[in-house]
Amino acid sequence: MPNPLRVAAAAFILPITAAASAVTFATSLPVGQDQVIIRFNLQPSFSTHQLNNFQFPVSVGYGVTTKFALFAGFSQGFTSLNSGAYRPLNGGAGDTNLYARYTLYKIDKPGVTFRIAPLAGAFLPTGDNRFTFQGKLQSKSLQTGSGTLDPYVGVALGLQYHRVSANADATYRYNPVSATNFSLGSEMRFDGHFEYKFWPFHMPAEGLPHVANISLESNYFRDSRDHLSGIVSANSGGRIFRESATLQLSSLRWQVGGGVVLPLMQDLNGTGRTTQKIGYMMFFEYYLAMPVWRKSARRHA
Amino acid sequence: MMRLLAFLIAAASLNAEVITRATAGVNGITSPRGFFNISVNIYRVPDVEWVKFDLEANRLTLDCKPGSSITGDELRAAIRDAMTLGGFKPGEVKVDKVEQPSTHPPKLGWRKVKRPTAKSAFTRWFQINF
């Protein structure tokens with residue numbers, strides 16, 4: 001029977017952060033004033049040692065003003081381990097991520113836009129961090145939440161042209177130790193995204209065609225060690241670098257896409273950790289306008 | 001001025017309707033999503049009946065309904081506000097009088113502007129979005 005503490009990083013595919021123009025992170029998603037963007041994701045991932053993870057995150061962005069936007073990430077799903085007689089399964093709602101983003105600097109020119117936007121918020125403890133199996137408290141990959149209010153800060157950048165675009169972010173989630181002496185290790189991550197619009201091959205001079213693009217995304221995670229029952233777990237935390245490739249189709253009101261996630265580096269602390277093999281993702285995104293209560297538009301700053 | 005007068009006389013002699021057309025340059029829009037940000041605010045521009053999105057040309061074209069009395073300055077200000085609300089820096093807006101086209105082909109990017117008419121805020125929201 002594998003040590004539950006050895007069950008590792010497959011669930012590091014944090015559902016909350018999966019969304020956006022980039023699929024694996026939502027921080028650089030453009031949102032206009034009074035506009036709502038809703039993204040539904042399906043993210044199954046499979047690993048060695050029969051650790052399977054299915055997540056169904058929903059991301060919502062709302063533009064309060066042209067520069068200030070609010071985001072929410074609602075996660076739900078389940079993770080299972082199927083190894084002989086040892087078959088823990090846990091699921092339900094995960095922690096909810098709420099944050100605000102302010103566009104500090106932007107350049108808009110014909111066919112090009114560049115933005116820098118710091119963000120800050122928190123993960124609300126809507127998930128569960130008390131899942132036990134055979135009397136033992138389970139590790140991060142089998143818990144759905146941290147049990148604490150986790151501050152979250154970062155900065156996002158975006159540079160977009162008609163054919164190519166690139167986004168990046170750096171974020172930090174501080175996970176304090178809970179009253180039950182439990183803590184998922186704090187998480188630092190860096191994300192990068194490059195996108196090429198390959199269809200239509202020749203963009204029509206007039207009109208608004210459907211656009212297909214291929215997207216490459218890199219995610220680097222650096223996680224501190226977990227606290228389990230007041231003890232710093234030696235078999236937790238570490239560094240992971242993943243690369244994703246997705247195909248996407250977008251129109252005026254929606255975007256749909258899917259792809260694969262390949263872990264290129266999994267430098268995990270401890271011994272006998274289960275490593276992720278491959279992950280998949282699909283998403284559907286829909287844009288909505290919000291009711292407007294303002295009487296007049298604000299001038300562009 | 002003389003050119004406009006000549007055009008109006010020619011249009012009248014052909015019995016064609018003359019409409020107001022605004023052409024606006026857009027800044028920072030690189031995908032269909034960018035135009036969505038503006039499209040949901042276009043209904044606030046008075047008298048505009050048709051809108052055309054040109055992604056490659058970074059351009060927005062708006063046709064007013066026949067008989068509109070909106071002035072060029074009013075139209076420019078309303079279009080700039082709609083673009084600003086979408087989160088983009090407005091470009092130059094040109095206003096012309098043109099002969100009303102017989103059709104506004106969707107293939108060329110034309111869309112009829114949805115105007116919410118209901119009193120209920122929810123119904124108005126529904127009319128804009130669906």
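This report covers the contact between chains A and B, the salt bridges and the largest pocket. The model is predicted.

**The interface**

Chain B brings 40 residues to the contact, and chain A brings 47 residues. Together the two chains bury about 3600 Å². Carbon and sulfur atoms give 57% of that area. On the chain B side, three residues stand out: Thr30(B), Arg33(B) and Phe36(B) supply 21% of the area that chain B buries against chain A. No other three residues supply more.

Polar contact links 19 residue pairs across the interface of chain B and chain A, with both residues at pLDDT 80 or more. Four elements of chain B each supply at least two residues of the side that touches chain A: helix H2 (32-39), strand S2, helix H3 (72-85) and helix H4 (121-129). H2(B) gives the most, with six residues. By class, this side of chain B has 18 nonpolar, twelve polar and ten charged residues.

**Salt bridges**

Side chains of opposite charge can pair when their charged atoms come close. Over all chains the count comes to 16 salt bridges. Between chain B and chain A the count is two. One pair across the chains and one pair within chain A are set out below.

| Acidic residue | Basic residue | N to O distance |
|---|---|---|
| Glu285(A) | Arg33(B) | 2.4 Å |
| Asp95(A) | Arg173(A) | 3.0 Å |

Arg33(B) has two roles in this picture. Its side chain meets that of Glu285(A) in a salt bridge, and Arg33(B) is also one of the three residues that supply 21% of the area chain B buries against chain A.

The other listed pair, Asp95(A) and Arg173(A), forms a salt bridge within chain A. Asp95(A) lies in the loop between strand S6 (89-93) and strand S7 (96-102), while Arg173(A) lies in strand S13 (residues 164-173), so the pair ties together parts of chain A that are 78 residues apart in sequence.

**The largest pocket**

The largest pocket has a volume of about 290 Å³. It is lined by 14 residues. Those closest to its centre come from both chains: Leu252(A) and Arg253(A), with Ser39(B), Lys112(B) and Lys114(B). Strand S2 (48-54) and strand S5 (110-112) of chain B each supply at least two residues of the lining. By class, the lining has eight nonpolar, two polar and four charged residues.

S2 of chain B thus appears in two places. This strand supplies at least two residues of the pocket lining, and at least two residues of the side of chain B that touches chain A.

Note on methods:
Residues are numbered from 1 along each chain as its sequence is written. Chains are lettered from A and ligands numbered from 1 in the order in which they are written. This is a predicted model: local features need pLDDT of at least 70, side-chain atom pairs count only at pLDDT 80 or more; totals for chains, interfaces and linings use all residues. Side-chain values use heavy atoms; hydrogens and water are left out. On a 1 Å grid over the protein atoms alone, a cavity is a set of points where a 1.4 Å probe fits but cannot get out, and a pocket is an open set with protein on both sides within 12 Å along at least five of seven lines; lining residues have an atom within 4 Å of a point. Grid points are joined across faces, edges and corners, and a volume is the space filled by probe spheres set on the points. Ala, Val, Leu, Ile, Met, Phe, Trp, Tyr, Cys and Pro count as nonpolar, Asp, Glu, Lys and Arg as charged, and the others, Gly among them, as polar. Contact means heavy atoms within 4.5 Å. Buried area is the accessible area (1.4 Å probe) that two parts lose on being put together, summed over both. A salt bridge is a side-chain nitrogen of Lys or Arg within 4 Å of a carboxyl oxygen of Asp or Glu. A polar contact is a pair of N or O atoms within 3.5 Å; within protein, one must be able to donate a hydrogen and the other to accept it, and residues adjacent in sequence count only if both atoms are side-chain atoms.
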